[in-house]
Amino acid sequence: MNGNTGRSVCGLTAAASLVAALSASIGRAAEATYLPDATASKVVTVTRGETAAAGIAVFTQAVAIKETGPKETVARFGEVYAFSPPFLAVHQGEPTMISFRNLQPDDEHDFMLVDPAGNVLMRVMLPPLQETSYVFTFHRAGLFTFYCTMHQPDMSGQILVLAPKRG
Ligand SMILES: [Cu+2]
């Protein structure tokens, strides 16, 4: 169901402040969807449908939702979703296809990628019951973070970009 429906005021505030902070850093509305621009492409290149050297599948997992409960959990925390797995490791310079599968029949998710310096690089939608794939080529090593802006603070993850492979 709609991400923020039934959420606690506390959760809403945390989500709102996170999104505001992320958006403010680049002056773009959180509602917009975009791939990395010229500046962000120096950090990561993102394309569709290209062949990749590596592949990772990421699912959207419903941890506690209205339809299936537990009721007490939803009452206390609102609906809780997670990225699975929430932690990915890729190599710098290696085109890596990440396929996001939204497993929910009626819930939108999104994917917002943030670099180690806190700059928002991209935001794309992950529509219900669809697989959305992009090929990511990271040009810098470091710890990147990602968020579903609709389900904060629970739906977050990290991508560790390792040094380039040798040989
Ligand atoms: Cu979500």
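## A strand pair to start with

Strand β2, covering residues 54-64, pairs with β3 in the antiparallel sense, and five bridges hold the match. One of the residue pairs to look for here is Thr 60, whose bridge partner in β3 is Phe 83. Keep in mind while browsing that this is a predicted model.

## The chain at a glance

Strands make up most of the element list: the chain comes to two helices and ten strands. Reading from the N terminus, the order is α-β-β-α-β-β-β-β-β-β-β-β. So much for the list; now for the packing.

Of the 167 residues in the chain, 27% count as buried. What share of the contacts with a separation of 6 or more comes from residues 24 or more positions apart? That share is 70%.

## The sheet with β2 and β3

The β2/β3 pair belongs to an open sheet of five strands, ordered β1-β8-β5-β2-β3, and its pairing is mixed. Which strands stand at the edges? They are β1 (44-47) and β3 (80-84); each has a single partner strand, so one side of each is left without a neighbour in the sheet. On average, neighbouring strands in this sheet are turned by 25 degrees against each other, direction ignored.

## The sheet with β9 and β10

There is also an open five-stranded sheet with the order β4-β10-β9-β6-β7, again with mixed pairing. At its edges you'll find β4 (87-91) and β7, and because each has a single partner strand, one side of each lacks a neighbour in the sheet. Here the average turn between neighbouring strands is 20 degrees, direction ignored.

Inside this sheet, β9 and β10 run antiparallel and are joined by six bridges. Leu 143 is a handy place to see this pairing, as its bridge partner in β10 is Leu 160.

## The nonpolar core

In soluble globular proteins, nonpolar side chains tend to be buried together. In this chain, the largest nonpolar core has 26 residues. Which residues have the most contacts inside that core? They are Phe 111, Met 112, Leu 113, Val 114 and Phe 146.

Several strands feed this core with at least two residues each: β3, β5 (96-102), β6 (109-114), β7 (120-126), β8 (131-138), β9 (142-147) and β10 (156-162). Going back to the strand orders, β3, β5 and β8 sit in the sheet that starts with β1, while β6, β7, β9 and β10 sit in the sheet that starts with β4.

Methods. Residues are numbered from 1 along each chain as its sequence is written. This is a predicted model: local features need pLDDT of at least 70, side-chain atom pairs count only at pLDDT 80 or more; totals for chains, interfaces and linings use all residues. Two strands pair if DSSP finds at least two bridges between them. Helices (H or I, at least four residues) and strands (E, at least two) are DSSP runs, numbered from the N terminus. Axes are lines fitted to C-alpha atoms, for helices over the stretch in contact, and angles run from 0 to 180 degrees between N-to-C directions. A residue is buried if 20 or more other C-beta atoms lie within 10 Å of its own, exposed if 12 or fewer, and partly exposed in between; C-beta atoms are placed from the backbone. Two residues are in contact if their C-beta atoms, placed from the backbone, lie within 7 Å. A nonpolar core is a set of buried Ala, Val, Leu, Ile, Met, Phe, Trp, Tyr and Cys residues joined through C-beta atoms within 7 Å.
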